[in-house]
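Please open the model in your viewer, with the sequence beside it, and keep the selection tool ready. The tour goes from one element to the next.

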Amino acid sequence: MSKELLNLSSDVKELCLPYFKQLGLDHLNYIHRDKQGQVTYLCSNRLWLEHYLEKAYPKIGAFEKNIQLSEYKYILWKGLEKNDPILIDSKEMLGMEYGVTLIRKEQDGFGFYNLGTKSSDPSIINLYVNKLDQFENFIHSFEEKAATLLQCAKKFKLDICSNLTVDMISPRFCRHTYATFLH
């Protein structure tokens, strides 16, 4: 794992903090999946990114593995599925049980912008739905201001299609774990 990639998290966090305060957010995790099956990450929380990579979650993550998710514009996380280690760890490490993912078609693939706040209150979903336009504006601004960070992160692409074991590609890990889709 590259320390350079992890070190980008402090720059991402600094860039995001004004928006987080304005929008009531605590977390951004950006996943870019290109057309060749390689992924790139940027995250506002270095510890989460480090944990995510150490646990080999890119091999089982829904956004990395489920190509059909790129057909949606938004995905609302509606609580935890009992067996999803990523969502379980998200709640334990970040205090986030609910969140929203904005999906953007990009020049060389798709970007998944996972946004969340520390809350176990399901009514937080209403906040996410009511602020989708503001989140879109944040993402647009983030893309502009973080262009250099995004380019730097893309130097550390992971090939998620190689070295898969039977356990990593089993249906229980590739299943669709997010409950609400909006086109």
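Against which elements do the buried residues of H4 pack? Before selecting anything, note that this is a predicted model, in which local features need pLDDT of at least 70 and side-chain atom pairs count only at pLDDT 80 or more, while totals for chains, interfaces and linings use all residues. Residues are numbered from 1 along each chain as its sequence is written, and side-chain values use heavy atoms, with hydrogens and water left out.

Select helix H4 (85–94); helices (H or I, at least four residues) and strands (E, at least two) are DSSP runs, numbered from the N terminus. Within H4, colour Ile86, Leu87, Asp89, Ser90 and Leu94, which are buried, a word that stands for under 20% relative accessible area with a 1.4 Å probe and protein chains only. Looking down the axis of H4, you should find that its buried residues line one face of the helix, because they fall within an arc of 160°, taken from the directions from the helix axis to the C-beta atoms. These buried residues pack against strand E1 and helix H2 (46–54), where contact means heavy atoms within 4.5 Å.

Next, select E1 (residues 27–34) together with E5, since the two run antiparallel and are joined by eight bridges; strands count as paired if DSSP finds at least two bridges between them. To see one of these places, pick Ile31, whose bridge partner in E5 is Phe112.

Stay on E5 (residues 109–116), where seven of the eight residues are buried, and add E4 (residues 98–106), which pairs with E5 in the antiparallel sense over eight bridges. E4 and E5 form a hairpin with two residues between them, and you can follow its pairing from Lys105, whose partner is Phe110, to Leu102, whose partner is Tyr113. E4 is mostly covered as well, with eight of its nine residues buried.

Now add strand E3 (residues 74–78), which pairs with E4 through five antiparallel bridges, including the one between Ile75 and Thr101.

Finally, select Lys13, Leu17, Phe20, Asp26, His27, Ser44, Asn45, Met93, Leu94, Met96 and Lys118, which line the largest pocket. A pocket is an open set of points on a 1 Å grid over the protein atoms alone, where a 1.4 Å probe fits and protein lies on both sides within 12 Å along at least five of seven lines; lining residues have an atom within 4 Å of a point. The largest share of this lining, three residues, comes from H1.

Note on methods
Buried means under 20% relative accessible area, exposed over 50%, partly exposed in between (1.4 Å probe, protein chains only).
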